[in-house]
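I opened the model today with a notebook beside me and a list of things to look up. Here are my entries, in the order I made them.

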Amino acid sequence: MHSLETRSLERRFGGLAAVNGLSFSLDRGEILGVIGPNGAGKTTLINLVAGLYRPTSGAILFEGRDITGVPAHARARMGIGRTFQLVHPLESLDVLENVMLGFVFCRGLGLRAARKEAEALCETLRLGGLARELSQITMLETKKLEIARALAGGPSVLFLDEVMAGLNSDETRELIELVKDIARSRNIGVGVVEHVMGVIKELTHRVLVLEAGELIAEGPYEEVVKDRRVIEAYLGGAA
Amino acid sequence: MSLRRSAMLAAAGGALAAAAILVWKPTVLVYGVQRAGLYAAVAIPMALVLGIVHIVNLAHGELLMVAAYLTYFGATLLGVDPYVALAPTAVVMAALGLAIYNLAIKHTLKAPELNQLILTFGLGIALSQGVNLVFSSQSFKLSLGYVSASATIGDTSFGVYDFAFVAAAFAIGYGLRLFLTRTRFGKAALAVGQNPRGAAIVGIDVNRTYGIVFALAVALVGAVGSMFLTKQAIFPDVGGPYTMKSFCLVAMAGVGNITGIIYCSLVLGVAEAAINGLRGLRGWSDIVFFAIIVATILARSRAESRR
Amino acid sequence: MRRLARFLGPLLLAAAAILLPFAVGAYPLAVARTVLVYMALALSWDILVRSGQISFGIAGFFGLGAYASVLADLHASLSPVLSILAAGAAAALVAAFLGLAILRLRATYFSITTLALAEIFRVVIHNGGDFTGGAEGVVLPKPIFGGDSRQLYWLALGAVLLACLCSLVFQKTRLRLALTAIRNDETAAKSNGIHIFKYLMVAFAASSFIQGIVGGIQVQSLGFATPESVFDPNYTLLPLAMALLGGIYSTPGPVLGAMLLGVAAEFLKLKIPYGHLVVYGIIIVLVILFMPRGLFGLARPDRPSAAKARSLLRKGGGEGSSRA
């Protein structure tokens, strides 16, 4: 039994299939890369898994249970976490309160306990200045906050949507180590959507390649990168 | 069921209902259509603002009222017919609209839309109470000969003056459509309504467009206000219900659908008149609009929430 | 010591409020009572506003509560005090029932629907024939407590204390986190495990409960109810302006706003017979344009800066709101 599994997942918008016949699995402790050209359906996939979209057909299983009809907030409680590519700030809450949310609403802790846990989590991620407003934090801290928010919910699978975007090489390195650590020490299955191939190469055990909503290749990075269909998808046409 | 079929069924149902009403109480149909004319004429300017500037103007009805008052005093002080005072009133209202836009609305456009809602709500109160302050809650009415013109068909007679509102609705609707699709400014305004950022990129002055569109809408509702004065007694709160009814029509028809507004106003106008005609149900006609507005909004949101 | 100091202010205020009837005459007391009625409504409105949903239907649930109280009193022979509780319960139940449908709406659609609801309630009561007294309304044999102005004042004060308590519960518990998150960004809120519908329902029901109670209190204090007097739009307008001016998203805000505007309104009513409410309209406009967080929002010492407070409201709508 896999932690997360999708079977022939399909999502149509009008006539367009953003995701089509997608089947994959993710287990705890694994780091799965998800790559593909723009518009390939990577974010749609995350939204489907997280419960923000309903699939038009297909199924999603979490720890063997069919969760296709389960609403987003319940999935977060079950242990499916995600970050957002376009950051969704909760500006009326400060950094600490943002992180507290998952502890309070996913894990059911009281405010005092949640505060302690959130502080501890932020320290682990080396995120400081917790009383600050969201408009005052740096890019790297924003990314860490996104990850902290998702971790606060106690997920067993976590999807990171282009979390490395906009970071310099030092910051990217720090986050890479962070993600590795998350997967290993917290035994979380991490799905990493990225455009930067170097990150994918270093971070992932296995890679999914999407194009036009379909899975065109799956396997370790070195194999996938040599696959003819993948090359065509990125370069468009004769390689 | 396809859209075409359901539309045809609706039309058939409507025709049937109209026929039934004609047989039972022909005046209901007449008055219903006349009311529809007024409602549509008032609603279309609100749709214009909603579609292009994307705000709901909760002071819409109050602007109607202000224009009516302006026309009343203009007409009585100058000793002219309200229709003569209509054009100057519309001009004054346009200026008022521009002022309201630049002083108030413009500053809340970047804020969440609920700010704009509260703003126009407060504006409406300020206007109606301001008029109350200056003129007290006494109502004013003109007595004009031509408003009691009537016609007789068979053994039913009915007032015909109110068809002027129907004419106004068509004039405004059709005129706006021509304006928006045939003139340069109109087309630019449509572009701004669809995609403000894109319009700005191609060099359209979005802010100026908003201001002019808003002023135009206020001028139009002002013109209707002048006509309103000819038939109705005016008092500070007279405009209030028209805000809600206009929003109801716009919500039903969908933003940008001017013909839809005319159809919907027909349905609602006749429904209101029908309920008014039923002696036992007279008091309920007030909520026809409100009940339908709630039903429409709910139906819409149900359709939207199909993720 | 600091903590005690924070409680001192409100405690003194509460004490002063309780002792007021011994210090002033009947007329100022009646004014104060009216201010308290609006204050409780302002507090109740603010509770729902924290979720990002703006209701224009305060008068609707207020009026519903008023009629529930009067009808329970007359037709079910409930004691006045019990009928007031029944009023609150009735309003909350209706809100919960309607909420199932309308809490899926957002922003403008929700607001306009609440406005329409108030009208619908009014017309239904208006046409309720003998049961509701129709257009003439209903008269109670006598007002509660025999109309004794001191007791009526304390009754209203009780409502305010209830509303303050409710408001504080929403400030100090996880409810604040939930409603604030929902207001800022529903997608993010959902992703953090917040069941949006549930929390909106809680806020809506609590808000309506208070409005119903206040409606019951008002009608029992005045001794009569008519559709027009009880569903008066002023019961929506004044609390809204008061909460905005005083500062939304807080408990002291609506209290402050009610005190300021309530007294000002009374003063204005004497000077200007018609249209003194124009001040309310103007205040709403000015507050939205220049200080959307209200007076209390500007003076907040524990938040980083007042300028931030202003910009906070500007982004407070978040992605949850849909364009009309």
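**Entry 1: a hairpin in chain A**

I began with a pair of residues that face each other: Leu9(A) stands opposite Leu22(A) in E2(A). A reminder to myself before going on: this is a predicted model.

I then looked up the strands around that pair. Strand E1 (residues 4–13) of chain A and strand E2 (residues 16–26) of chain A run antiparallel, and I found 7 bridges joining them. How many residues lie between E1(A) and E2(A) in the hairpin? There are 2 residues between them, and Gly14(A) in the turn has a positive phi of about 65°.

**Entry 2: the sheet of chain A**

Next I traced an open sheet in chain A. I read its 6 strands in the order E6-E7-E8-E3-E9-E10, with mixed pairing. Which strands are at the edges? They are strand E6 (80–82) and strand E10 (214–219) of chain A, each of which pairs on one side only. On average, and ignoring direction, neighbouring strands of this sheet are turned by 20° against each other.

I picked one pair inside the sheet for a second look. Strand E3 (residues 31–35) of chain A pairs with strand E9 (residues 206–211) of chain A in the parallel sense, over 4 bridges. Here I noted Leu32(A), which stands opposite Arg206(A) in E9(A).

Then I checked what packs on these strands. H6(A) lies across E3, strand E7 (157–161) and strand E8 (189–193) of chain A, and runs at about 150° to E8(A). Helix H9 (residues 228–235) of chain A also packs on the sheet, where it touches E9 and E10 of chain A. The direction of H9(A) makes about 130° with that of E10(A).

**Entry 3: two domains in chain A**

I pulled up the domain assignment for chain A. It gives domain 1 as 4–79 + 155–235 and domain 2 as 92–154. Taken over C-alpha atoms, the centres of domain 1 and domain 2 of chain A are separated by 24 Å.

How many residues does each domain bring to the contact? I counted 11 residues of domain 1 of chain A in contact with 11 residues of domain 2 of chain A. On the domain 1 side, the elements that give two or more residues are helix H2 (72–78) and helix H6 (169–185) of chain A. The largest share of that side, 3 residues, comes from H6(A). By class, the domain 1 side has 7 nonpolar, 2 polar and 2 charged residues.

**Entry 4: a helix pair in chain A**

I moved on to helix H3 (residues 95–105) and helix H5 (residues 139–152) of chain A. Their axes are 6 Å apart and they pack at an angle of about 30°. Angles under 35 degrees count as roughly parallel, so H3(A) and H5(A) are roughly parallel to each other.

I wrote down who meets whom. H3(A) brings Val95(A), Asn98(A), Val99(A), Leu101(A), Gly102(A) and Phe103(A), while H5(A) brings Leu145(A), Ala148(A), Arg149(A) and Ala152(A). The contact has 7 nonpolar, 2 polar and 1 charged residues.

**Entry 5: a helix pair in chain B**

For another pair I went to chain B. Helix H2 (residues 26–52) and helix H10 (residues 240–253) of chain B pack at about 70°, with their axes 8 Å apart. H2(B) and H10(B) are therefore roughly perpendicular to each other, and their crossing is right-handed.

From H2(B) I listed Tyr39(B), Val42(B), Ala43(B), Met46(B), Ala47(B) and Leu50(B). They meet Tyr242(B), Lys245(B), Ser246(B), Phe247(B), Leu249(B) and Val250(B) in H10(B). By class, this contact has 10 nonpolar, 1 polar and 1 charged residues.

**Entry 6: what chain C touches**

I finished with chain C. Its contact with chain B takes 37 residues from chain C and 40 residues from chain B. Which element gives the most to the chain C side? H5(C) does, with 12 residues. The residues of this side divide into 23 nonpolar, 10 polar and 4 charged.

The contact with chain A takes 21 residues from chain C and 23 residues from chain A. On the chain C side, H8(C) gives the most, with 6 residues. I logged the classes here as 6 nonpolar, 8 polar and 7 charged.

Technical notes:
Residues numbered from 1 in each chain as written. Chains lettered and ligands numbered in written order. Predicted model: local features only at pLDDT ≥ 70, side-chain atom pairs only at ≥ 80, totals over all residues. Axes fitted to C-alpha atoms, helices over the stretch in contact; angles between N-to-C directions. Parallel < 35°, antiparallel > 145°, perpendicular 65-115°, else oblique. Left-handed = near helix turned anticlockwise from the far one by under 90°. Contact = placed C-beta atoms within 7 Å. Nonpolar A, V, L, I, M, F, W, Y, C, P; charged D, E, K, R; others polar. Domains from an automatic or database assignment. Pairing = 2+ DSSP bridges.
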